[in-house]
Amino acid sequence: MNPDPIQSAADIIAEKKNLLIFTGAGVSVESGIPPFRGAGGLWNKVNPDFFEIDHFMRHPVESWERIRSIFYDLWGKCAPNAAHLAFAELEKMGVAFSLVTQNIDNLHQAAGSKNVIEFHGTLGRLRCTRCSFAGPPTRDLLAGNPPSCPKCAALLKPDIVFFGEGIPEHAMDQSFADAESCSVCLVSGTTGEVMPACMVPHTAKRRGAIVIEVNPEESAFTGHITDIYIRGKAGEIMPRLLEEIKKRLAE
Ligand code: APR
């Protein structure tokens with residue numbers, strides 16, 4: 001194996017393709033969106049208990065004020081970075097067949113990725129807590145205090161997975177199906193600490209996939225299921241890895 005982890009990773013991805021990408025909040029840090037843990041992490045400032053579904057339902061006005069200031073004040077103002085663009089390019093090249101993200105910021109889709117599984121939902125949709133209404137977070141809807149359903153006037157919630165809520169069934173089923181069928185799993189921007197999301201790379205590993213990790217710090221995966229660890233920021237590493245993969249596929 002090449003001593004340079006980027007070269008080794010490029011050799012394997014170019015040879016095997018059939019790549020599943022798995023991302024977390026760290027890949028959006030270079031787009032200006034703070035992570036949840038570690039330096040500048042949201043949970044260092046805000047008690048995660050506020051993001052329990054029961055708390056949200058009991059204190060909708062206070063919860064929505066927090067959700068607006070933490071998430072929607074940034075919504076639409078952050079652009080995909082070089083990592084998101086590299087992931088989208090790998091899909092376009094036919095190298096990556098699926099991307100499972102824990103992120104709710106829609107930046108993978110904004111970068112051009114099509115096969116995105118949003119394991120923790122998305123800020124890009126508001127859902128009624130009573131009827132079947134679902135729609136984009138328009139200024140009018142977000143202005144409500146709290147935002148209420150235009151059809152039945154019940155409380156609206158962002159279509160994200162709150163603590164205490166289940167993972168959307170399609171996201172769960174498809175993520176683990178893709179983990180079982182991939183040959184390589186490229187993991188970036190995640191502590192690997194949150195269940196059941198972190199079981200996606202574990203499942204890939206158990207089914208024989210090679211796990212490649214891009215993160216400036218070691219995670220719960222490093223030294224356990226990670227076969228090739230590339231230390232660095234996703235926005236810096238991914239363009240270099242992409243170029244090395246392209247060179248090999250052009251040979
Ligand atoms: N490039 C790559 N990785 C980075 C970068 C970067 N520029 N900056 C930070 N990281 C890494 C950190 O080292 C850390 O491992 O991103 C990770 C961020 O960790 P978390 O904030 O815990 O993000 P994540 O693992 O996605 O959290 C999982 O926890 O609170 C829930 O629902 C929330 O989806 C989230 C889940």
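Start by selecting Lys246: with a relative accessibility of 29%, Lys246 is partly exposed. Here buried means under 20% relative accessible area, exposed means over 50%, and partly exposed is in between (1.4 Å probe, protein chains only). Before you click on, know that this is a predicted model, in which local features need pLDDT of at least 70 and side-chain atom pairs count only at pLDDT 80 or more, while totals for chains, interfaces and linings use all residues. Residues are numbered from 1 along each chain as its sequence is written, and side-chain values use heavy atoms, with hydrogens and water left out.

**Stop 1: salt bridges**

Which residue forms a salt bridge with Lys246? Select Glu89: the closest N and O atoms of this pair are 3.1 Å apart. A salt bridge here is a side-chain nitrogen of Lys or Arg within 4 Å of a carboxyl oxygen of Asp or Glu. In general, side chains of opposite charge can pair when their charged atoms come close. Glu89 sits in helix H4 and Lys246 in helix H9 (residues 234–250), so the pair links distant parts of the chain, 157 residues apart. Helices (H or I, at least four residues) and strands (E, at least two) are DSSP runs, numbered from the N terminus. Glu89 is partly exposed too, at 24% relative accessible area.

Stay in helix H9 and pick Glu244 and Lys247. Their side chains meet in a salt bridge, 2.9 Å from N to O. Why are Glu244 and Lys247 about one helical turn apart? Because they are 3 residues apart in helix H9. Glu244 counts as buried, at 12% relative accessibility. Now add Asp11 and Arg248 to your selection: Asp11, Glu244, Lys247 and Arg248 are linked in a network of salt bridges.

Next, try Lys157 and Glu165, another salt bridge, at 3.2 Å from N to O. Is Lys157 buried or exposed? Lys157 counts as buried, at 9% relative accessibility, whereas Glu165 is partly exposed at 29%. By this rule the count of salt bridges comes to 13.

**Stop 2: the sheet of 6 strands**

Switch to the cartoon view. Look for an open sheet of 6 strands in the order E3-E2-E1-E7-E8-E9, with parallel pairing. At its edges are strand E3 (116–118) and strand E9 (228–231), each of which pairs on one side only. Neighbouring strands of this sheet are turned by 15° against each other on average, direction ignored. For angles, axes are lines fitted to C-alpha atoms (for helices over the stretch in contact), and angles run from 0 to 180 degrees between N-to-C directions.

Now select helix H4 (residues 82–92), which packs on the sheet and touches strand E1 (19–23), E2 and strand E7 (184–188). Contact means heavy atoms within 4.5 Å. The direction of H4 makes about 160° with that of E1.

Zoom in on strand E2 (residues 96–101), which pairs with E3 in the parallel sense over 3 bridges. Two strands pair if DSSP finds at least two bridges between them. Click Thr101 and then Glu118, its bridge partner in E3.

**Stop 3: the sheet of 3 strands**

There is also an open sheet of 3 strands, in the order E5-E4-E6, with antiparallel pairing. Strand E5 (134–135) and strand E6 (156–160) stand at the edges with a single partner strand each, so one side of each has no neighbour in the sheet. Strand E4 (residues 121–128) pairs with E5 over 2 bridges in the antiparallel sense. Which residue in E5 is the bridge partner of Leu126? Select Gly135 to see that partner.

**Stop 4: His108**

Go to helix H5 (residues 107–110) and select His108. His108 counts as buried, at 1% relative accessibility. Leaving out residues up to four places away in sequence, His108 touches several residues, including Thr23, His84, Phe87, Leu99 and Thr101. Try a distance label: the C-alpha atoms of His108 and Phe87 are separated by 7.9 Å, with their positions 21 residues apart along the chain.

**Last stop: zoom out**

Show the whole chain, with its 9 helices and 9 strands. Its C-alpha trace spans about 60 × 30 × 30 Å along the principal axes. Buried residues make up 53% of the 251 residues.
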